[in-house]
Amino acid sequence: MENEFTKNIVLRKISINESIPYQLLLDADPSRALIDNYLPTSEVYVAILGDKQVGVYLLYPESADVVELKNIAVDEQYQRMGIGKMMLKDAVQRAAAKGFKTIIIGTGNSSIGQLYLYQKIGFQITGIKKNFFTDNYPETLYENGIQVKHMIMLAKQL
Ligand code: ACO
């Protein structure tokens, strides 16, 4: 799980007086309205390097058995160094320790790197929320030259 770089990363629940890395949340989800909707009922976890927040993820309980990893982001400067994978594994472990049976995650049809990463961690595609992005986001979004239209849902049994 660790490499020479991620050894220096601390993953922990955000503390009460610490500011939420909102800009990072917007990197994963460009809708402030949606973020503000799920943030109050989510647990916020941060990746810390020295005294800098370099990553964030949110655990949002859907039911007694199912938790959703709603938003995961790494500061652009620190991407592709293993922090995303470390946070995903951490989220899976924490969700299991909390007694959830399933962890789910959703991402855009265009998010090729994310789909690769989530499946590599053991998530399997379970469905598609057709037109989720075109219905919920006012602007037309593009990623990897592909229009972001549908939400691909993935799940991992715990
Ligand atoms: N394209 C191709 N492969 C990728 C990409 C990419 N964009 N990003 C990561 N990978 C691969 C890496 O090469 C690595 O592969 P390996 O294990 O075979 O070596 C693996 O995925 C893990 O990479 P990490 O370095 O651990 O990932 P990183 O720290 O960059 O974090 C993340 C990944 C969180 C997706 C980051 O790129 C990011 O913050 N992106 C912007 C925000 C975002 O899109 N968040 C997800 C939205 S969906 C949601 O929040 C539920």
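**Figure 1. Glu18 and Arg12 pair up in a salt bridge in this predicted model.** Their closest N and O atoms sit 2.7 Å apart; a salt bridge here is a side-chain nitrogen of Lys or Arg within 4 Å of a carboxyl oxygen of Asp or Glu. Arg12 is partly exposed, at 31% relative accessible area (buried means under 20%, exposed over 50%, partly exposed in between, with a 1.4 Å probe and protein chains only). Go by that salt-bridge rule and the count is seven. Since the model is predicted, local features need pLDDT of at least 70 and side-chain atom pairs count only at pLDDT 80 or more, while totals for chains, interfaces and linings use all residues. Residues are numbered from 1 along each chain as its sequence is written, and side-chain values use heavy atoms, with hydrogens and water left out.

**Figure 2. Lys52 meets Asp75 in a salt bridge.** The N to O distance is 3.0 Å. Lys52 belongs to strand 3 (residues 52–61) and Asp75 to the loop between strand 4 (66–74) and helix 3 (83–97), so the pair ties together parts 23 residues apart in sequence. Helices (H or I, at least four residues) and strands (E, at least two) are DSSP runs, numbered from the N terminus. Lys52 is partly exposed at 32%, whereas Asp75 is buried at 17%.

**Figure 3. Lys7 and Glu4 form another of the salt bridges.** Here the closest N and O atoms are 2.9 Å apart. Glu4 is exposed, with a relative accessible area of 61%, and Lys7 is partly exposed at 47%.

**Figure 4. Salt bridges link Lys13, Glu43 and Lys98 into a network.** As a rule, side chains of opposite charge can pair when their charged atoms come close.

**Figure 5. Ile72, Gln79 and Gly84 each put an N or O atom close to the ligand.** Polar contacts here are pairs of N or O atoms within 3.5 Å; within protein, one must be able to donate a hydrogen and the other to accept it, and residues adjacent in sequence count only if both atoms are side-chain atoms. A backbone N or O atom of Ile72 lies 2.7 Å from a ligand nitrogen. Ligand oxygen atoms turn up 3.4 Å from a side-chain N or O atom of Gln79 and 2.7 Å from a polar backbone atom of Gly84. The protein covers 78% of the 980 Å² of accessible area that the ligand has on its own (Shrake-Rupley method, 1.4 Å probe; for residues, only the protein chains shown count as cover).
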